[in-house]
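Please open the structure in your viewer and keep the sequence panel beside it. The tour moves from one selection to the next, with a short account of what is there at each stop.

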Amino acid sequence: MLSETIELRGHIIDSLILPKVLDEIITHGGSFKITEIKIGENRADQSFARIEVRGPSAAALDDLILRLRQHGAEVVEKKSVQLAAAPADGVFPQEFYTTTNQQTFVRLDDGEIEVQPALMDCAIVVDRTARKATATKFCGVKKGMEIVVGHKGIRVIPQQRSISRKDAFEFMAGNVSIEKPKSVVIREIAREFKRAREEKGKILVVAGPAVVHTGAAEHLEKLIEQGYVNLLFTGNGLAVHDIENALYGTSLGVQLEEGEVAEKGRENYMRAINVIRGAGGIRAAVASGLLTSGIMYTCVKHGVDFVLAGSIRDDGPLPDVITDALNAQEAMQAKIGGVTIALMMGTMLHSIAVANLLPATVKMLCVDINPGVVAKLADRGTFQAVGLVTDLEPFLRELAGCIESDR
């Protein structure tokens, strides 16, 4: 059998990196021999392991080493990355390396370059002259660009457990249950929100129309007013229903105060769109005094930036909606710098789309009444994603209340 020697460094025991690596080797037909191991004596100490990995063929060993690199394995023999030219605009060369959302470095000649941004499902474009490596999607590739192929010369740093303290995103991660003690979780999340603000981190909210339908809008507005929302990603739906509620007191034609269908209430949705289109957009409607309440109004008044990404389901849409999917993706990507916590609630597809743009360092809280939606989103990270199955109104009400009571 052919073999290569890899090394693992860091908190490879308590972050379960070492057992994951050994499991990958056995599961994919390889074998291993641990030639050296040093285990840290306390929580702050790092550990080290040198492992000889064997595979039945060169191709099998190559595939196995690629898998192990995703867990932070470094091949002892240092090699520069292999590069190939893009054959056409929007086309990667064969055998291109596919990025993860973890911190990644490429070796170029005698030094390493960090790949920016930490973005999954991209190729790595290398500019030799500028010594720059960029995670790039298909739409950003031009013919002739040099792109990393294979896996040689690549180093991935996996997300590891916190060594300084346990937090909500560590002890609750990977556990999606309807029976989870929600009040305990929400109190811990409130502490994380406060910590993020104290440490100058940005809090991103990704939300769907259910925030308005369930009567939770006032609690989200309170979080915005208190400075616990720095960025809002949503679609035409939430914005229109929020504005409909602000102008006419209804959402989908239902009076939210009484829970009754309003006379001609079904028209309010379209009338709300018309008012904002006539005003020239949400910010213009706030400035002119047409819009005086609601989530979107509160965002404008408190300087919270937002991106509205459109879909083929949209009516109108509002003038603020970015209808080109790639342009919307670029707009969101341009604004997520500095985000440390992302709260995703009541929108599966929008949340998945945003999650694909976030680096592994961002802590994600996924809230939905549907356990399947929560499981799908929370499955993205062992230590960084928390799932909570609950209705949005009591969740946001309690979250806002916990933050308020600790002030």
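**Starting at a pair of strands**

Select β19 and β20 first, and you will see two strands that pair in the parallel sense over five bridges; bear in mind throughout that this is a predicted model. Within this pair, look for D368, which stands opposite V389 in β20.

Stay with β20 and ask which of its residues are buried on each of its faces. On one side these are A385, G387 and V389, while on the other they are V386 and L388, and both faces are therefore covered, buried here meaning under 20% relative accessible area. Counted along the strand, five of the five residues of β20 are buried.

**The whole sheet**

Now widen the selection to the seven strands that form an open sheet, and follow them in the order β17-β16-β13-β12-β18-β19-β20, with parallel pairing. The edge strands are β17, residues 321–322, and β20, residues 385–389, each of which pairs on one side only. At the β17 edge, select β16, residues 305–309, which pairs with β17 in the parallel sense over two bridges, and find L308, which stands opposite V321 in β17.

**Helices across the strands**

Next, add helix α11, residues 325–335, which lies across β12, β13, β16 and β17 and runs at about 160° to β16. Then add α4, which lies across β12, β18, β19 and β20 and runs at about 145° to β18.

How far apart are the end C-alpha atoms of α4? They are 24 Å apart, and this agrees with expectation because the 17 residues of the helix, 182–198, should span 24 Å at 1.5 Å a residue. If you colour α4 by burial, the buried residues include V185, I186, I189 and F193, and also E192 and K194. After α4 comes K200, whose phi is positive, near 65°.

**Two nonpolar cores**

Finally, turn to the largest nonpolar core, which has 53 residues, and select V211, I282, I295, M345, F395 and L399, the residues with the most contacts inside it. Helix α14, residues 392–405, gives the most to this core, with seven residues. Centre the view on V211 and, leaving aside residues up to four places away in sequence, you will find that V211 touches A216, A217, L220, L238, I295, M345, L392 and L396. A second, separate core has 33 residues, and you can locate it by selecting V106, L108, I113 and M332, which are among them.

Conventions:
Residues are numbered from 1 along each chain as its sequence is written. This is a predicted model: local features need pLDDT of at least 70, side-chain atom pairs count only at pLDDT 80 or more; totals for chains, interfaces and linings use all residues. Side-chain values use heavy atoms; hydrogens and water are left out. Helices (H or I, at least four residues) and strands (E, at least two) are DSSP runs, numbered from the N terminus. The expected span of a helix is 1.5 Å times one less than its number of residues. Buried means under 20% relative accessible area, exposed over 50%, partly exposed in between (1.4 Å probe, protein chains only). Two strands pair if DSSP finds at least two bridges between them. Contact means heavy atoms within 4.5 Å. Axes are lines fitted to C-alpha atoms, for helices over the stretch in contact, and angles run from 0 to 180 degrees between N-to-C directions. A nonpolar core is a set of buried Ala, Val, Leu, Ile, Met, Phe, Trp, Tyr and Cys residues joined through side-chain atoms within 4.5 Å.
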